[in-house]
Every structure is written in structure tokens, then in C-alpha cells.
Amino acid sequence: GYALSMWFVAVFGAVVILVFGWQFHRGMVKETLHLAPGMDTLISIGTLAALGYSVWAMSVGLKDLYFETGAIITALILLGKFFEARSTGQASAAIKKLLELGAKTARVRRDGAEVEIPIAEVRVGDVMIVKPGEKIPTDGVIAKGTSSIDESMLTGESMPVDKKEGDQVFGATLNQQGALEIRANKVGDDTVLAQIVKLVSDAQTKKAPIQKLADRISGVFVPVVLVIAVVTAVVWYLVTGDATASIIPAVAVLVIACPCALGLATPTAIMVGTGLGARLGILIKNGEALEKAKIIDAVVFDKTGTLTEGKPKVTDVVPFDDVGGEELLRVAASIENLSEHPLAQAIVAHAKEQRVQLLEVRDFAAVPGRGVRGLVQVGSHGRKVLFGTMRFLTEEKVAVDEAREKIEQLQGEGKTAMALAVDGVLAGVIAVADTVKGDAIEAIKQ
């Protein structure tokens, strides 16, 4: 007779192999019908052979039983499948996050009235009204208005992009300044965001080349293993003349050939790799990208947001015409204090850091894509101040030749340079740039 524990192992092993491992047996039937034996065939035959032999051995009173072997093989391969499903689940969570970037509703003009509708109801040709601080609902062309738009979610470029009538804008980007009227030209699956989501989801469902290789190998490997198992049984029987003694080695061949390594190793490695990458803020597109990473010998960095802070900061204050640096910053920050432009905010923040007292401003006006103008109270009288691009100052009849070389030099260093004029005379130049992260140099060295 057998101990109670042995009966427990027998029942538990049979449940794991037959119930939990049902998908492998179903897979074997399908593969056999298609005459294309694969992994499922090997797992199914290996575990069923271990179970069938053990039941037979129990019935004739033999001591060597293999219930737990079949159960462990089934459990390990199911664990591999679970890891694979989980990594796909993590990928779909990343896709969900991408989809959440888009706007949920749009304000459109229909029959002369403004109505708010769900994003799915926006049609090509609709005119959408987008106020400052709102997301652009879908891809389109600006029909009316000017603004600066934060496109960082799409391009990674942290500096906002100035847009005017006729310019293309994209869904899910952020309108920062002026009110815009946008004519929708792409909706639903045609938008740039939808295309990105599609690329990511396609990448996640593709198998890694090594997995495809494993599938190809199994097509040859499985029939070979089955032949070896039969040959083993026949040879043992011819040598020993004992049927029991010849079944055990044949079952051993099937069980040992069970592709735990092929079934487990690849999905586990991909899951661990992509999971660790995600924790470090690295999106690994698919198994193939991970596999090819071992042959990388050069890394290309995009400056914005990768090596830089992604926030504009003042880098240079260059006074001309006997104006002090602090005075130049005071006048520029005073007039920019009324502007919503991100570069303006950077200058104001810098002035506050330097504890510069701001002056009173009257008659402020912003000229989109050019700069700002206004009357700044310096001492007892208002001075006419212009601050913006060289082109803006030239159009306002200010002589800027003195600053041209300096501005070209600053722009050559990747900075945005703006000139300041007081009462029609050039007073100085202020440059703003995205600043390098503290650990960027160390990262590049490594």
C-alpha cells in the first residue's frame, strides 16, 4: 500500500496536469490535426506520459512515481505564460496612458452657436474654439488667432512653438496663450496621437525574434524527440525484455525534453527587461528592440528634456549704451511681467531670483510672434519700451546693428536672444535657453 501523502500527491498532480494544463492538451489536439507539432504537443505528451505511467505504476505496486514531475512542468510553463501576459498588460497600461493624453471634449461652432461635444463626434471641417490653457482636441489648421503651443508630449521639445493662422496643430498639445479657432482636418484614428498609440500596441504584440526562433525550432525538435522516445523504449525492451523497465527511460526522454527553458526564459527575460526599463523611465518598444540592444555601440541623445531641464532660463544679460545689467533686467522683466509667454515668465522669474524691483507699466501690448511694447515708469517719466525679436525692433525703426553680432553668437549657442530698446535706442540683449541638467555630463561620459 501507499502512504496517505502519496495519494495526495497523485490526486493533486493529476488535477494540475489535467485541469490547469488543459490548454496544452487542447493545443496538442489542434497541432496534431494541422500536422504541425509544437511546444504544446511536447508539454502535453511529456506531462500525460508522466501521469499515465505513474497511474499504471501505482496499479501494479511500483515505487517510482512521477506525479509531481508532470505537475511541476505544467506549473512552471503556466508561470511563463503568466509573466508574458503580465508584460503585455503593462504594455496596455502604457497605451492607456497615451490615450488619456487626448482631450475628452471639444467646443465647436455648429449652426452659428458654440456647443461642447464629445471628442468622438468631431468631424473633419468643424471649427473648434480652444481657449488658453486648454488641450487642442484633434489635428487641424489654425483658422483664426495666434498663440504659443506646448507640443512637448509629441515632440519632446520643451520650448513652446509660436503658431499663427494657416499653421498645423496637433491633438492633445496644449494651447498656452491666445484663443484659437482651429479647423479640424484629421479625426479619430487618423490623428498623430492615434498613430503613436497604434505603433506602441503593434510593437507589444510582436514576438521577439528569439521567440520566433524557438517556435521554428520546436517544429523540428518535437517530432525528433517523439522518435527518440519510441526508439529508446524499443531498444530498452530488446535489451532487457522488461516492458516496465523500457517505459521509464522513454517517459524520461519526453519529460526532460519538455521545453521549460524555451517556454519560460524568453518571456521572463523580456518582462524583467521591459519592467526594469519602465521603472527607470525607459520605454522599450518591443522584445526585438531589447534583443538588439546588446549590439548598440553608439547612443544619440535628443537634447530637450533628456539632457536639459526642459524649462527655459535666462543665461545672458548683455547691456549696451551705458545701461547697467540690473537696470536692463529690471525694464525687461517689468514689461514681460504682463505677458503669458513662457520666455517672458523665465525673464520675470530670473529678475525675482536676483531680487530686482519691478517698475510700473502702462499701455502694454503683445505683438504675436514679434514681442511686446509699453510705457515703463522709469523715475518720474514713462519711457517707451520695445522688447522682442531683431525684426520687431527693425520694423519699429530702432538701429540694431550694434547687437547683431552678439545675437548671432548667442543663437549659435542654441539660445533664444531678444533685444530691448528704450525710447527708440537699443539698450541690450537678454538670452534665454533650456539649461543642461546637473548630471548630463556624467551620463554622457558613462
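This is a guided tour of a predicted model, stop by stop.

**Stop 1: the nonpolar patch**

Start with helix 1, residues 4-20. Show the side chains of Val11, Val15, Leu18, Val19, Phe20 and Leu48. Together they make a nonpolar surface patch of about 510 Å². Helix 1 supplies the largest share of this patch, with 5 residues.

Now pick out Leu18, which lies in helix 1. Is Leu18 buried, partly exposed or exposed? Its relative accessibility is 41%, so Leu18 counts as partly exposed.

**Stop 2: helix 2 against helix 3**

Select helix 2, residues 22-33, together with helix 3. Two packed helices are described by the angle between their axes and the distance between the axes. Here the axes come within 7 Å. They cross at roughly 120 degrees. Helix 2 and helix 3 are therefore oblique to each other. Their crossing is left-handed.

**Stop 3: helix 3 against helix 8**

Keep helix 3 (residues 39-59) on screen and add helix 8 (residues 243-257). The two axes come within 8 Å. How are these helices oriented, roughly parallel or roughly antiparallel? The crossing angle is roughly 150 degrees. The cut-off for roughly antiparallel is over 145 degrees, so helix 3 is roughly antiparallel to helix 8. This crossing, too, is left-handed: that is the hand for helix 3 and helix 8.

**Stop 4: salt bridges**

The model holds 14 salt bridges. The next selections show three pairs and one network.

Go to helix 12, residues 325-336. Select Arg330 and Glu326, whose side chains meet in a salt bridge at 3.3 Å, N to O. The two residues are 4 apart in helix 12, so about one helical turn separates them. Colour the pair by accessibility. Arg330 counts as buried because its relative accessibility is 15%, under the 20% cut-off. Glu326, with a relative accessible area of 48%, is partly exposed.

Next, select Asp423 and Arg383. Their side chains form a salt bridge at 2.6 Å, N to O. What does this pair tie together? Asp423 lies in the loop between strand 14 (416-422) and strand 15 (425-436), and Arg383 lies in strand 13 (residues 381-388), so the salt bridge ties together parts that are 40 residues apart in sequence. Asp423 is partly exposed, at 41% relative accessible area. Arg383 is also partly exposed, at 26%.

Move to helix 14, residues 390-395. Glu395 and Arg391 both sit in this helix. They are 4 residues apart, about one turn. Their side chains meet in a salt bridge at 3.9 Å, N to O. Glu395 is partly exposed, with a relative accessible area of 40%. Arg391 is exposed, at 54%.

Finish this stop with Asp316, Glu413 and Lys415. Salt bridges with shared partners join these residues into one network.

**Stop 5: Ala433 and Thr416**

Zoom to Ala433 in strand 15. Is Ala433 buried or exposed? With a relative accessibility of 7%, Ala433 counts as buried. Now add Thr416 and draw a C-alpha to C-alpha distance. How far apart are Ala433 and Thr416 in space? The distance is 6.1 Å, although the two residues are 17 apart in sequence.

**Stop 6: two positive phi values**

Most residues other than glycine have a negative phi. The last two selections have positive values.

Select Arg355. This residue is not a glycine, yet its phi is positive, about 55 degrees. Where is Arg355 found? Arg355 is in the loop between helix 13 (342-353) and strand 11 (361-367). At 73% relative accessibility, Arg355 counts as exposed.

Then step along to Asp363, found in strand 11. Its phi is near 50 degrees, again a positive value in a residue other than glycine. Asp363 counts as exposed, at 60% relative accessibility. So one positive phi sits in a loop, at Arg355, and one sits in a strand, at Asp363.

How values were computed
Residues are numbered from 1 along each chain as its sequence is written. This is a predicted model: local features need pLDDT of at least 70, side-chain atom pairs count only at pLDDT 80 or more; totals for chains, interfaces and linings use all residues. Side-chain values use heavy atoms; hydrogens and water are left out. Patches are made of residues with over 30% relative accessible area and no salt bridge: like charges are joined within 9 Å, nonpolar side chains (Val, Leu, Ile, Met, Phe, Trp, Tyr) within 5 Å. Accessible areas come from the Shrake-Rupley method with a 1.4 Å probe; for residues, only the protein chains shown count as cover. A salt bridge is a side-chain nitrogen of Lys or Arg within 4 Å of a carboxyl oxygen of Asp or Glu. Buried means under 20% relative accessible area, exposed over 50%, partly exposed in between (1.4 Å probe, protein chains only). Axes are lines fitted to C-alpha atoms, for helices over the stretch in contact, and angles run from 0 to 180 degrees between N-to-C directions. Angles under 35 degrees count as roughly parallel, over 145 as roughly antiparallel, 65 to 115 as roughly perpendicular and the rest as oblique. A crossing is left-handed if the near helix is turned anticlockwise from the far one by less than a right angle, and right-handed if clockwise.
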